[in-house]
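Q: I am new to this structure and would like a close look at a single part of it. Please choose one element, describe its partners, and then show what else there is around the model.

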Amino acid sequence: MDHARVAISTDVERARISRHLYGHFAEHLGRCIYGGFWVGEDSDLPHIDGIRADVVEALRRLEVPNLRWPGGCFADEYHWRDGIGPREDRPAMVNSHWGDVVEDNSFGTHEFMRLCELLGAAPYVNGNLGSGTVREMSEWLEYLTRADDSPMARLRRDNGRDEPWLVPFWGLGNEAWGCGGSMRPQAYADEARRYATFCKDHGGNTVSRIAAGGADDDLSWTRALMEAVACVNCQTSPDSPIFQGVSFHYYTYASQGINTESATEFSTTDYLRTMLRATGIERAIRAHVAVMDSYDPDGKVALVCDEWGTWWQPEPGTNPGFLHQQNTMRDALVAGVHFDAFHAHARRLRMANIAQTVNVLQAMLLTGDDGALVLTPTYHVFEMSKGHQDATSVESAVTAAPVIDVEGTPLGALSASASVKDGALLVSLSHLDPDDSLDVVLDVRGATITGTTARVLASGSLTAHNTAAEPHVVAPRQLDVNVDGALVRVTMPPHSFATVHVTLDRD
């Protein structure tokens, strides 16, 4: 058996881990909204105002902090006035990006805000910068958040909602380099400044405006957007930035690119290539942070990764435009190493949204029209990790661990992160070796250990996944823990994810 060691200094505190790093994403894409969240008020399935009740119940266990909607690429062809008022009067549209299907707009602004209320999630609304207008976006924000007798507030009341909502996050378009308008960085930066100017704070609602940045480690977009906030060595200051966040997207695959490889039929080499790509997000974050720090050393502007996750080929027999994919132990470990990277950079990275929540890409849940509901392995990683939300990251380092050779590139066999909250330490461990178990020693410093528990997510094969017929193939179980003074020891199975909860006495 291989051995690893993690040094954890509970008294060396780093940044607060914003709960919004555990955000989610719901696009009008495939069966995410229709058949996922929304079944309609006439459905025979249990629902709350047309929203599927078992989906709400399952997601509430994750303590979803925020939900991004309506896209994605869909956001830049969505006109919000088509989704308000009596459903029978709402005009239809063509969802040209995802399956070329007709969208009837039965799920719109009021339905989304009701969903957020049921989940206890903060709304992250993505406005239409690509095919919309400044006035359209400005009026949507007024409709949602203004309390007095303004024109849009009156329209909201006419549609049955008296009090305004709180909308803390607002996206200024999406992927402007591609489906959001095929723009160049400087052109989009100018547009983002213009749109942000007219997205006002109304009453008690203070909105964080998030500009759409590049993909992966494309720094040209981050640089252009930060230049739009403040230039280096000039009088412009980021103290009151025109937007409060800059986003980037990062998808994971094995080697050939997104949407090219099977979600469930893959080799060990494919798995290891996937882990290399997944761990690469830490380098991408570090690069974006370096650019942002050069313009904004005090960290006024947040870095946001509002699309991340695996992107495999759709399941055979499904509409290829619906991006419905299965979810294996491999996907769970992608989530585990992403969270470690997010925790490490929590000073600047303050929001992230997995793509997507239900039935699309790296989903939490898979639903069937017959009432079936499947919790995916990724769901369990989110549930096991939720104790990191709003905790304080502490110094942790893998001081010894095996290294896996992946076609000449080294891959550490263990990824880890740690945080403290309410007198307890939570440690996340992702063991990436596909074949061998790992004896892990946690060297806990700065406090006395008074109790420990641990859970592990493991499976007999890398391709293991849950289905309606076999929903518990991959599910958490208790993991044995041995404590010797300041040392906590657990044995992790091959390709597994674990969390260790340690109660502390700092007196």
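**A strand and its two partners**

A: In this predicted model, isoleucine 449 has leucine 504 of strand 26 as its bridge partner, and that pairing is a convenient place to begin. The two strands concerned are strand 22, residues 448-457, and strand 26, which run antiparallel and are joined by nine bridges. Strand 26 is also joined to strand 20, residues 424-431, again in an antiparallel arrangement, here by eight bridges. Within that second pairing, leucine 426 stands opposite histidine 501 of strand 26.

Strand 26 itself spans residues 496-505, and because seven of its 10 residues are buried, the strand is largely enclosed by the rest of the structure. Threonine 499, which lies in this strand, can serve as an example. With a relative accessible area of 5%, threonine 499 is buried, since the cut-off for that word is under 20%. Leaving aside residues up to four places away in sequence, threonine 499 touches Leu426, Val427 and Ser428, as well as Thr453, Ala454 and Arg455, and also Met384.

The annotation in the UniProt record, an unreviewed entry, gives a domain named "Alpha-L-arabinofuranosidase C-terminal" that covers residues 306-496. In the model, this span is 13% helix and 42% strand, and its end C-alpha atoms lie 26 Å apart.

Turning from the strands to the nonpolar interior, the largest nonpolar core has 123 residues, and those with the most contacts inside it are Trp170, Leu172 and Tyr188. Helix 7, residues 268-295, gives the most to this core, contributing 12 residues. Tyrosine 188, again not counting residues up to four places away in sequence, touches a group of residues that includes Leu129, Leu172, Met183, Trp221 and Leu225, together with the alanines Ala176, Ala211 and Ala212. Apart from the largest core lies another core, of 28 residues, among them Val6, Val394, Val444 and Leu479.

A last feature is empty space inside the protein. The structure holds one cavity of 30 Å³ or more, and about 50 Å³ of space lies in the largest cavity. Its lining is made up of 14 residues, of which Gly173, Ala212, Ser247, His249 and Asp306 lie nearest the centre. Strand 8, residues 122-127, and strand 11, residues 245-252, each supply at least two residues of that lining. Ala212 thus appears twice in this account, once among the residues touched by tyrosine 188 and once among those nearest the centre of the largest cavity.

Terms used:
Residues are numbered from 1 along each chain as its sequence is written. This is a predicted model: local features need pLDDT of at least 70, side-chain atom pairs count only at pLDDT 80 or more; totals for chains, interfaces and linings use all residues. Side-chain values use heavy atoms; hydrogens and water are left out. A nonpolar core is a set of buried Ala, Val, Leu, Ile, Met, Phe, Trp, Tyr and Cys residues joined through side-chain atoms within 4.5 Å. Buried means under 20% relative accessible area, exposed over 50%, partly exposed in between (1.4 Å probe, protein chains only). Helices (H or I, at least four residues) and strands (E, at least two) are DSSP runs, numbered from the N terminus. Contact means heavy atoms within 4.5 Å. Two strands pair if DSSP finds at least two bridges between them. UniProt positions are given in the numbering used here, feature names are shortened, and annotations may be inferred rather than shown by experiment. On a 1 Å grid over the protein atoms alone, a cavity is a set of points where a 1.4 Å probe fits but cannot get out, and a pocket is an open set with protein on both sides within 12 Å along at least five of seven lines; lining residues have an atom within 4 Å of a point. Grid points are joined across faces, edges and corners, and a volume is the space filled by probe spheres set on the points.
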